[in-house]
Amino acid sequence: MASTESLLPLTSQQQDPLFDSSRSDPNPETHRRRPIKVHLAVYSGFLLIALYVTLIVTHDGSRAKNGETTTESRARLAGVSEKRVSDDQKSEAFPWNNTLLSWQRTAFHFQPENNWMNDPNGPLFYKGWYHFFYQYNPNAAVWGDIVWGHAVSKDLIHWLYLPFAMVPDQWYDANGVWTGSATFLDDGSIVMLYTGSTDKFVQVQNLAYPEDLSDPLLLKWAKYSGNPVLVPPPGIGAKDFRDPTTAWKTSAGKWRITIGSKVNKTGISLVYDTTDFKTYEKHETLLHQVPNTGMWECVDFYPVSKTKTNGLDTSVNGPDVKHIIKASMDDTRIDHYAIGTYDDSNATWVPDNLAIDVGVSTGLRYDYGKFYASKTFYDQHKKRRILWGWIGESDSEAADVQKGWSSVQCIPRTIVMDTKTGKNLVLWPIKEIESLRLSSKKFQMKVGPGTMVPVDVGPAAQLDIEAEFTIKKDDLQIILGDDSMDADKEFSCENSGGSTVRGALGPFGFSVLADQSLSEQTPVYFYVTKGKDSKLKTFFCTDTSRSTKANDVVKPIYGSFVPVLKGEKLTMRIIVDHSIVEAFGQGGRTCITSRVYPTKAIYGATKLFLFNNAIDATVTASFKVWQMNSAFIHAFSADDLGVPSRT
């Protein structure tokens, strides 16, 4: 494993100012409170212990037992949200051991060797390599000391960790090199805009670019000497101005970006035009705004084709194109998107349907599970738009510290308009993930009401499952023709009580990461109800409420309605990788990502079950299960990259 020092940028020879204790802090509120006087040396040891405990407690923004607020954490001072905890997580910690924690490490999802990771940053394809940058704390498994991690891949599956791309070494990013986006210019060069948290905790936008465009690995990055290029405009809070998008070309030949913010409780996306990425013209109009949605983080804006399934470059526009706005809602930690029409002339966007506008509770989501701060990029190599998403932990911060790492990234997903419905996007794991498939087994099983069937696939910690389900026609006709059966007007995955609550036509699906006795299991399932119009309505859900015996874990029930068109069978795909489950309903119309932390269903004890908890319906399941290989994700070495060794 490479040391922290060996991962510093090649141009850095001096000590990183972020860790320079001699550097004065112009903002006195960043200093934790110290005692005015220590009278007796004998108490110094106790004092150090107390300060250490305080540091741990305040880092997650928790409160003292008497309800008084402790010293404000660095995250709150910086204006970002911290890891959120449930009441269970605040209770006595579960006794995790190394055996349990080691199993949670994923086999083929991207994650650093150790420590904290969050937002994906500036992904791109350049000279044969996919580049992935990410928010990273090199010093701990909790948020803080944020640098830009950097990794490269030939296929988006196997990765090499590179030296850090950027570290906080200037006043304009002294408190963190935060989220940003890459733009390819007309001559093939690259610019990177990113948010810096200044020495005064003001969020500003900065410009960086590769030092050597002939280097396919883009190892060295330079920061523009005139940074910051943008500061919060009048009326915008100093901590409410972040995450610039990839730029796109206007009809006038300028470059345009949007940046997330808020005014009071209204989430907004500011618009700027530029010709050189150094000077900017702010539009008086907003790209979009939605009241009562709070701060918009990680705004994304891009076109999708209404008729084709290939991706589009960010600058594409025209009559066959719709535009997507996605915003990550800081208040709820949910990524919402909406489909609409973009007006290039006045830099505004209008949603197709106000009832599902960006950020409203009834709006569309990329993913209905644990998924946030996502970022797309156009892969010009294979003409597709690819989505990255940060998958945070659902366990306690104490458990993260104990295991030494926190967070993973989703399997990269292609993202296109659903040309069949015209009302939603379709997300699907990239084709390359199939290269990890090993042995497979095919199954066809008829499962009666109230049945749980073990599926003989051997160890079930790394699986790829593709399945389709049909409900016996006679059962459907009975339900549809039963006038005494009331329409289920209130059903939702989150409030349904989970997979054990039986209905006429569901739930049915798979229990993954289960032990033999089913004391731990994570069901992924369909639930079909009779709608207000007496037609069937289908929901796709994941129930983590019984996923672990551990008490310091959030265990919600996730899911949503999924469109099922006439003549379609019910289909699902489930990718299992130790502590993460990614589920895709109806070809990716609805996606659910879950973090699970079994204490019994681990290693060889991990099992797979097929179940049907419907009261009246018999279900036939046709499915195929692949064992999945591990990806090669390892540290930078000169031999891997064919570059001279560093001394």
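In this predicted model, the hairpin of β5 and β6 has five residues between its strands, and glycine 188 takes a positive phi near 90 degrees there. The two strands of this hairpin, β5 (residues 177-184) and β6, pair in the antiparallel sense over six bridges. Within that pairing, alanine 182 stands opposite methionine 192 in β6.

The chain then turns again. A hairpin of β6 and β7 also has five residues between the strands, and here phenylalanine 201 is the residue with a positive phi, near 60 degrees. Strand β7 (residues 203-210) runs antiparallel to β6 and is joined to it by six bridges. Tyrosine 194 stands opposite asparagine 206 in β7. Strand β6 thus has a partner in β5 and another in β7.

How many of the eight residues of β6 (residues 190-197) are buried? Eight of the eight are, and the strand is described as mostly covered. The covering applies to both faces: Ile190, Met192, Tyr194 and Gly196 are buried on one side, and Val191, Leu193, Thr195 and Ser197 are buried on the other.

Attention now turns to the nonpolar cores. The largest holds 101 residues, and the members that touch the most others are Phe469, Phe510, Leu608 and Phe623. This core lies between domain 1 (114-429) and domain 2 (432-628), because both domains give residues to it. Phenylalanine 469 shows what such a position looks like in detail. Leaving aside residues up to four places away in sequence, its contacts include the aromatic residues Phe508, Phe510 and Phe526, along with Leu570, Met572, Leu610 and Val619. Gly509, Lys569, Thr620 and Ala621 are also touched by phenylalanine 469. A second, separate core has 17 residues, among them Leu193, Tyr224, Leu230 and Leu270. Leu193 is a familiar name here, as one of the buried residues of β6.

A buried position of another kind is found at serine 374, in strand β19 (residues 372-379). Serine 374 counts as buried because its relative accessibility is 2%, while the cut-off for buried is under 20%. Not counting residues up to four places away in sequence, serine 374 touches Pro120, Cys298, Lys326, Ser328 and Asp335. Its contacts also include Tyr366, Leu387, Trp388 and Gly389.

The cysteines complete the picture. The structure holds one disulfide, which joins cysteine 493 to cysteine 541 with an S to S distance of 2.1 Å. This pair links distant parts of the chain, 48 residues apart: cysteine 493 sits in the loop between α5 (473-481) and β28 (505-514), whereas cysteine 541 belongs to strand β30 (residues 536-543). The link is left-handed, with -65 degrees about the S-S bond, and both of its cysteines are buried.

Why is cysteine 410 not bonded to cysteine 591? The closest cysteine sulfur to that of cysteine 410 is in cysteine 591, but the two are 9.5 Å apart, which is too far for a bond because a disulfide needs sulfur atoms within 2.5 Å. Seen from the other end, cysteine 591 is in no disulfide, and its nearest cysteine sulfur is that of cysteine 410. Cysteine 410 is buried, with a relative accessible area of 2%, and cysteine 591 counts as buried at 1% relative accessibility.

Key. Residues are numbered from 1 along each chain as its sequence is written. This is a predicted model: local features need pLDDT of at least 70, side-chain atom pairs count only at pLDDT 80 or more; totals for chains, interfaces and linings use all residues. Side-chain values use heavy atoms; hydrogens and water are left out. Helices (H or I, at least four residues) and strands (E, at least two) are DSSP runs, numbered from the N terminus. Buried means under 20% relative accessible area, exposed over 50%, partly exposed in between (1.4 Å probe, protein chains only). A nonpolar core is a set of buried Ala, Val, Leu, Ile, Met, Phe, Trp, Tyr and Cys residues joined through side-chain atoms within 4.5 Å. Domain bounds come from an automatic or database domain assignment. Contact means heavy atoms within 4.5 Å. Two strands pair if DSSP finds at least two bridges between them.
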